[in-house]
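This briefing walks through a protein chain and the ligand placed with it, topic by topic. Please keep the sequence and the model in view while reading.

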Amino acid sequence: MTYILTTERLYLREFLPDDAIHFYTMNADYDVLKYTGDVAFKSVDEAKLFLKNYKQYKLHNMGRWAVCLKSNDEFVGWCGLKFHPSENLVEVGYRFYKSHWNKGYATESAKACIDYGFETLGLKTIYAHAHVDNLASHHVINKCGFTLVNEAIYDGMPAKLYKIENLKS
Ligand SMILES: CC(C)(COP(=O)(O)OP(=O)(O)OC[C@H]1O[C@@H](n2cnc3c(N)ncnc32)[C@H](O)[C@@H]1OP(=O)(O)O)[C@@H](O)C(=O)NCCC(=O)NCCS
């Protein structure tokens, strides 16, 4: 198991094949995918294949990571840094089981990923975007200290793009 970072209540680790059930179940919830543009997995096996083909860690030395509770190892969602080669930028993103919303996990893990991106990976800028109506995500983005760049169509949906700069770089 490859651990990436810990926070007060959480630890982030690389995905494991056994996470497939979580990917399938979490994405099967309409409210979870509502503002993401993603399509639910058809089966646990499809989620397994997705995880098997997930090469971001090797390709870019970063990726989305499983977010687990320190107290009982429960998988509560994912958070992490995604490199977009076409735009040459890194974006933070997050997704949690609905039963774990509004406990501050997205903010806690996103802040830790931003610190990791700046301090460990030496990134200069990290971006984030959210559907204009995804108020919870805008809240998280604001709590992390991002500033608004613009409003644009992103994956066919109206979204706000934000960025945060590494002040030490
Ligand atoms: C967006 C998401 C990751 C937030 O996760 P979370 O762990 O609940 O976030 P946090 O608890 O850290 O913060 C959420 C904040 O939004 C607020 N919030 C939640 N729902 C809200 C709503 N409908 N309107 C306004 N604010 C809302 C919460 O009160 C909280 O703010 P506060 O700490 O000031 O009270 C979660 O809702 C989720 O997984 N959504 C589905 C996937 C998704 O949309 N991902 C983001 C794509 S851009």
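**The ligand and its surroundings**

In this predicted model, α6 gives six residues to the shell around the ligand, and this is the largest share of that shell. The ligand itself sits in the largest pocket, and the elements that supply two or more residues each to its shell are β5 (89-96), α5 (105-120), β6 (125-131) and α6 (135-143).

*Make-up of the shell*

- There are 20 residues around the ligand, and those that come nearest are N102, G104, T107, N134 and K143.
- Sorted by class, the shell holds 10 nonpolar residues alongside seven polar and three charged ones.

*Polar contacts of the ligand*

- G104, one of the residues that come nearest to the ligand, has a polar backbone atom that lies 2.8 Å from an oxygen atom of the ligand.
- A polar backbone atom of A106 is likewise placed 3.0 Å from an oxygen atom of the ligand.
- For H139 the contact involves the side chain, where an N or O atom is 3.5 Å from an oxygen atom of the ligand.
- Taken alone, the ligand would expose 950 Å², and the protein buries 73% of that area.

**The annotated domain**

- What does UniProt list for residues 10-168? The record, an unreviewed entry, gives this range as "domain: N-acetyltransferase".
- Over residues 10-168 the chain is 32% helix and 33% strand, while the C-alpha atoms at the two ends of the range are 26 Å apart.

**Backbone angles in two loops**

- Which residue has a phi near 65 degrees, a positive value, without being a glycine? That residue is D73, and its place is in the loop between β3 (64-69) and β4 (75-84).
- N88 is not a glycine either, yet its phi is positive, at about 55 degrees, and N88 is found in the loop that lies between β4 and β5.
- The second of these loops leads to β5, which is listed among the elements that give two or more residues to the shell around the ligand.

Definitions and conventions
Residues numbered from 1 in each chain as written. Predicted model: local features only at pLDDT ≥ 70, side-chain atom pairs only at ≥ 80, totals over all residues. Heavy atoms only, no water. Near = heavy atom within 4 Å. Polar contact = N/O pair within 3.5 Å; in protein donor to acceptor, adjacent residues only side chain to side chain. Areas by Shrake-Rupley, 256 points an atom, 1.4 Å probe, with all protein chains shown as cover. 1 Å grid on protein atoms, 1.4 Å probe; cavity = no way out; pocket = protein on both sides within 12 Å on 5 of 7 lines; lining within 4 Å. Sits in = over half its atoms within 2 Å of the grid points. Helix = DSSP H or I, 4+ residues; strand = E, 2+ residues; numbered from the N terminus. Nonpolar A, V, L, I, M, F, W, Y, C, P; charged D, E, K, R; others polar. UniProt positions renumbered as here; feature names shortened; annotations may be inferred.
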